Amino acid sequence: MYRILLVEDDDRIASLLGGHLQKYGYEVKIAEQLNDIKLEFAEMKPDLVLLDINLPFFDGFYWCRQIRTISNAPIIFISARTDELNQVMAIENGGDDYITKPFHLEVVMAKIKSVLRRTYGEYSPSLSQESRIVELCGLTIYPDQNEAEWNSTRILFSQKEFQLLSIFVREHKKIVSRDELLEALWDDIDFVDDNTLTVNVNRLRRKLENAGLKDCISTIRGQGYQFQVNRKDEPEC
């Protein structure tokens, strides 16, 4: 049974959504301490978080960043803010997906199932051949922790970032199309804004650059992306 933490200050929406999730067999906890969502998360240790943006004390972006300091559990934002900027900010702050209000319960369920399947189910890297530690030209990949290491610097990734990295490492030096990446990361691309992929790639690129791995993700105009690790001491990479 998957555990879901629902962070929503509208009691009507929280009750409706929470009850619907429970009917499908999920263990749901509606957050009560809205002044300390990080503590609620740490106490429950949920498998997934549904997170509103408009919250008292601090907004959902803040709490998403706080959760990311202790966990890579998937986070889906559910918000009445429909503009593209807020959707980009949700991903930039560590979210995995975004649903706008008013929502259809079927869409919410489909997104939850997709994220859980890719995080813990048959599409999870930890259950595939990629679960072994992988090394590529000095870059070490730890699938079970969603982490990598470069020049003794550990890099922690969100689930989507790590899925992207895994694909890039597997297709090292090859051009991977945007459509391939969209289909690999999301079950139903009809529900995914194309800009979502761009934001996730940019976040991955920035984390690698901050660790000292620069210019490894190239945008190939009209084709997609190319990943290549370059080391001066290992030219064959």
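**Exercise 1. The strands around A148**

A148 finds its bridge partner in β9 at I155. The structure is a predicted model. Determine how strand β8 pairs with β9 and with β7, and which way its side chains point.

*Solution.*
- Step 1. Strand β9 covers residues 153-156, and 4 bridges join β8 to β9 in an antiparallel arrangement.
- Step 2. On the pairing with β7 (residues 139-142), β8 is again antiparallel, over 4 bridges. Here A148 is the bridge partner of I141.
- Step 3. Each pairing has a hairpin. Between β7 and β8 there are 4 residues, and N146 takes a positive phi near 55° in this hairpin. Between β8 and β9 there are 2 residues, and N151 takes a positive phi near 50°.
- Step 4. In a regular strand, side chains alternate between the two faces of the sheet. Strand β8 (residues 147-150) shows this alternation: A148 and W150 point to one face and are buried, whereas E147 and E149 point to the other and are not buried.

**Exercise 2. A parallel set of strands**

Establish which strands β3 is joined to, and state the handedness of the β-α-β unit that contains β3.

*Solution.*
- Step 1. Strand β1 (residues 3-7) runs parallel to β3, with 4 bridges between them. L5 has V49 as its bridge partner in β3.
- Step 2. Strand β4 also runs parallel to β3, joined by 3 bridges. L50 has I76 as its bridge partner in β4.
- Step 3. The side chains of β3 (residues 48-51) divide into two sets: L48 and L50 point one way, V49 and L51 the other, and all are buried.
- Step 4. Together with helix α3 (residues 60-68), β3 and β4 form a β-α-β unit that is right-handed.

**Exercise 3. Classifying aromatic pairs**

Classify the ring pairs F58–W63 and F77–Y98, and describe the burial of their members.

*Solution.*
- Step 1. Two quantities describe a pair of aromatic rings: the distance of the centres and the angle of the planes. The structure has 8 aromatic pairs.
- Step 2. For F58 and W63, the centres are 5.7 Å apart and the planes meet at 85°, an edge-to-face pair. The cut-off for that class is an angle over 60 degrees.
- Step 3. The relative accessible area of F58 is 39%, so F58 is partly exposed. That of W63 is 3%, so W63 is buried.
- Step 4. For F77 and Y98, the centres are 6.4 Å apart and the planes lie at 25°, so this pair is stacked. F77 belongs to strand β4 (residues 75-79) and Y98 to strand β5 (residues 97-100), so the pair ties together parts that are 21 residues apart in sequence. Both F77 and Y98 are buried.
- Step 5. Ring pairs also gather F58, Y62 and W63 into a cluster. A ring can also have a charge over it: the charged end of R154 sits over the ring of Y142, 3.9 Å from the ring centre.

**Exercise 4. The span of a helix**

Compare the expected span of helix α5 with the separation of its end C-alpha atoms, and list its buried residues.

*Solution.*
- Step 1. Helix α5 (residues 105-120) has 16 residues; at 1.5 Å a residue it should span 22 Å.
- Step 2. The end C-alpha atoms of α5 are 22 Å apart, which agrees with the expected span.
- Step 3. The buried residues of α5 are L105, V108, M109, K111, I112, S114, V115, L116, R118 and T119.

**Exercise 5. Two residues in their surroundings**

Describe the location, accessibility and contacts of Q33 and of R203.

*Solution.*
- Step 1. Q33 is in the loop between β2 (27-30) and α2 (37-44). Its relative accessibility is 30%, so Q33 is partly exposed.
- Step 2. Leaving aside neighbours within four places in sequence, Q33 is in contact with L39, E40 and E43. The C-alpha atoms of Q33 and V7 are separated by 9.4 Å, although these residues are 26 residues apart along the chain.
- Step 3. R203 is in helix α8 (residues 194-210). With a relative accessibility of 5%, R203 counts as buried.
- Step 4. Not counting residues up to four places away in sequence, R203 touches I91, E92, G94, G95, S158 and E161.

**Exercise 6. The whole chain**

State how many helices and strands the protein has, and what share of its residues is buried.

*Solution.*
- Step 1. The protein has 8 helices and 12 strands.
- Step 2. Of its 237 residues, 51% count as buried.
- Step 3. Among contacts between residues at least 6 apart in sequence, 59% join residues at least 24 apart.

Conventions. Residues numbered from 1 in each chain as written. Predicted model: local features only at pLDDT ≥ 70, side-chain atom pairs only at ≥ 80, totals over all residues. Heavy atoms only, no water. Phe/Tyr/Trp six-rings, centres within 6.5 Å; stacked < 30°, edge-to-face > 60°. Buried < 20%, exposed > 50% of the residue type's maximum accessible area, 1.4 Å probe, protein only. Lys NZ or Arg CZ within 6 Å of the ring centre and 35° of its normal. Pairing = 2+ DSSP bridges. Right-handed = clockwise from strand over helix to strand, strands pointing away. Expected span 1.5 Å × (residues − 1). Contact = heavy atoms within 4.5 Å.
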